[in-house]
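Here are a few notes to read alongside the model. Keep the structure open while you go through them.

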Amino acid sequence: MNKPIKRWNMLDTINLALFLVVILFFLDFNNNATVSYLLLGVFALWIVTLIFRNVYINKIEKNPDHPLYETQVKGKKKI
């Protein structure tokens, strides 16, 4: 049985916490520019994948002909 795709999961929470720690304590463009740019690139990639995942979920939920439509809509919580 397939599970619906989540917009935000535990891994995203951990990535956000690490991102805040990196921003506050580890970015130092004067002494370690390469590491700072590398860290920013990694987190930029995470943000881009998060945005594209949400776009993909929206496309699934708006298209009843999509193969994952039933799984995604059935697993969505109603508020």
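1. Confidence first. The protein chain averages a pLDDT of 87, and 92% of the residues score at least 70. Bear in mind that this is a predicted model. Confidence is highest in H2, at a mean of 92, and lowest in helix H3 (residues 69–74), at 83. As a general habit, where pLDDT is low, the predicted coordinates should not be read in detail.

2. Now the helix pair. Two packed helices are described by the angle between their axes and the distance between the axes. Here, helix H1 covers residues 10–26 and helix H2 covers residues 33–62. They pack at an angle of about 150°, and their axes lie 11 Å apart. Angles over 145 degrees count as roughly antiparallel, so that is the label for H1 and H2. As for handedness, H1 passes H2 in a left-handed crossing.

3. Which residues in H1 and H2 meet? On the H1 side, look for Asp-12, Asn-15, Leu-16, Leu-18, Phe-19, Val-22, Ile-23 and Phe-26. Their counterparts in H2 are Ser-36, Leu-39, Leu-40, Phe-43, Trp-46, Leu-50 and Arg-53. Sorted by class, this contact has 11 nonpolar, 2 polar and 2 charged residues.

4. Ser-36 deserves a click. This residue sits in helix H2, and you have just met it among the H2 residues that meet H1. Is Ser-36 buried or exposed? Its relative accessibility is 1%, and buried means under 20%, so Ser-36 counts as buried. Leaving aside residues up to four places away in sequence, Ser-36 touches Phe-26, Leu-27, Asp-28 and Phe-29. Phe-26 is also on the list of H1 residues that meet H2.

5. Next, try Tyr-37, also found in helix H2. Its relative accessibility is 56%, and the cut-off for exposed is over 50%, so Tyr-37 counts as exposed. Tyr-37 and Leu-27 are 10 residues apart along the chain, and their C-alpha atoms are separated by 8.5 Å. Leu-27 is one of the residues that Ser-36 touches.

6. Last stop: Ala-33, which is found in helix H2 too. With a relative accessibility of 29%, Ala-33 falls between the two cut-offs and therefore counts as partly exposed. How far apart in space are Ala-33 and Ala-44? From C-alpha to C-alpha the distance is 16 Å, with their positions 11 residues apart in sequence terms, that is, they are 11 residues apart.

Key: Residues are numbered from 1 along each chain as its sequence is written. This is a predicted model: local features need pLDDT of at least 70, side-chain atom pairs count only at pLDDT 80 or more; totals for chains, interfaces and linings use all residues. Side-chain values use heavy atoms; hydrogens and water are left out. Axes are lines fitted to C-alpha atoms, for helices over the stretch in contact, and angles run from 0 to 180 degrees between N-to-C directions. Helices (H or I, at least four residues) and strands (E, at least two) are DSSP runs, numbered from the N terminus. Angles under 35 degrees count as roughly parallel, over 145 as roughly antiparallel, 65 to 115 as roughly perpendicular and the rest as oblique. A crossing is left-handed if the near helix is turned anticlockwise from the far one by less than a right angle, and right-handed if clockwise. Contact means heavy atoms within 4.5 Å. Ala, Val, Leu, Ile, Met, Phe, Trp, Tyr, Cys and Pro count as nonpolar, Asp, Glu, Lys and Arg as charged, and the others, Gly among them, as polar. pLDDT is the predictor's confidence in each residue, from 0 to 100. Buried means under 20% relative accessible area, exposed over 50%, partly exposed in between (1.4 Å probe, protein chains only).
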